[in-house]
Amino acid sequence: MQTLPIRLTPGQDLRQALEAAVRSQNCQAAFVLSGIGSLSTAGLRFAGAEQPQRLVGDMEILSLAGTVAFDGARSSSHLHMVLSTATGAVLGGHVAAGCTVRTTAEVLLALLSEWAFTRELDAQTGFDELVVRGRSGPT
């Protein structure tokens with residue numbers, strides 16, 4: 001495992017920047033070990049919801065975790081985030097597109113160069129779920 005600390009700057013899209021950082025390392029599988037920072041807009045899909053909730057305003061990232069992955073050229077990342085609003089309300093859920101960095105985001109990635117992550121339909125859950133493959137085949 002190789003680690004990659006990164007700092008995102010104002011205006012960057014959180015999810016796109018993390019995926020670009022992993023891709024720039026010629027890696028197909030990574031985990032977010034830690035993530036903190038601030039956002040001006042966020043998209044969170046709450047548990048059981050079909051569509052993400054769009055949030056606007058000053059928010060702090062209290063926690064960011066999940067996988068960053070590529071299935072060919074297609075992203076198959078799965079990220080969760082906990083945010084606090086300017087009033088101290090705390091919300092969490094799946095990270096959707098459109099999370100814009102306000103001042104900074106500091107993220108530590110674990111790059112797993114021997115592995116490839118994909119998402120495939122799981123008949124038991126009815127959702128695309130993580131499939132872990134070694135570079136030499138399924139595990």
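## Pocket, core and strand pairing

The largest pocket holds about 440 Å³ of space. Keep in mind that this is a predicted model. Sixteen residues line that pocket, and those closest to its centre are Arg45, His78, Arg119, Phe127 and Asp128. Two elements give two or more residues to the lining: strand 4 (74–75) and strand 9 (128–134). Sorted by class, the lining comes out as seven charged, six polar and three nonpolar residues.

Strand 9 also turns up in the strand pairing. It runs antiparallel to strand 8 (residues 115–121), with seven bridges joining the two. One bridge puts Glu120 across from Glu129 in strand 9. Strands 8 and 9 make a hairpin with six residues between them, and Gly126, sitting in the turn, has a positive phi of about 80 degrees.

Strand 7 (100–111) is another element with antiparallel partners. Strand 1 pairs with strand 7, and strand 2 does too. Here are the three pairings side by side:

| Strands | Sense | Bridges | Example of a facing pair |
|---|---|---|---|
| Strand 1 and strand 7 | antiparallel | seven bridges | Leu8 and Ala105 |
| Strand 2 and strand 7 | antiparallel | nine bridges | Val32 and Leu109 |
| Strand 8 and strand 9 | antiparallel | seven bridges | Glu120 and Glu129 |

Now for the nonpolar side of things. In soluble globular proteins, nonpolar side chains tend to be buried together. Here, the largest nonpolar core counts 30 residues, and the ones with the most contacts inside it are Leu18, Leu39, Leu64, Met81, Leu83 and Leu109. At least two core residues come from each of strand 1 (2–8), helix 1, strand 2, strand 3 (53–71), strand 5 (78–85) and strand 7. Strand 3 is the top contributor, giving six residues to this core.

What does Leu39 touch, not counting residues up to four places away in sequence? Its list takes in Met81 and Leu83, along with Gly57, Asp58, Met59 and Ile61, and then Cys99, Thr100, Val101 and Arg102.

Finally, a look at a loop residue. Gln25 sits in the loop between helix 1 (14–24) and strand 2 (29–45). Is Gln25 buried, exposed or partly exposed? Its relative accessibility is 36%, so Gln25 counts as partly exposed, since that class covers what lies between under 20% for buried and over 50% for exposed. Apart from neighbours within four places in sequence, Gln25 is in contact with Gln2, Leu4 and Leu111. Thr100 lies 75 residues from Gln25 along the chain, and their C-alpha atoms are separated by 23 Å.

Methods: Residues numbered from 1 in each chain as written. Predicted model: local features only at pLDDT ≥ 70, side-chain atom pairs only at ≥ 80, totals over all residues. Heavy atoms only, no water. 1 Å grid on protein atoms, 1.4 Å probe; cavity = no way out; pocket = protein on both sides within 12 Å on 5 of 7 lines; lining within 4 Å. Points joined across faces, edges and corners; volume = space filled by probe spheres on them. Helix = DSSP H or I, 4+ residues; strand = E, 2+ residues; numbered from the N terminus. Nonpolar A, V, L, I, M, F, W, Y, C, P; charged D, E, K, R; others polar. Buried < 20%, exposed > 50% of the residue type's maximum accessible area, 1.4 Å probe, protein only. Contact = heavy atoms within 4.5 Å. Pairing = 2+ DSSP bridges. Core = buried A, V, L, I, M, F, W, Y, C linked by side-chain atoms within 4.5 Å.
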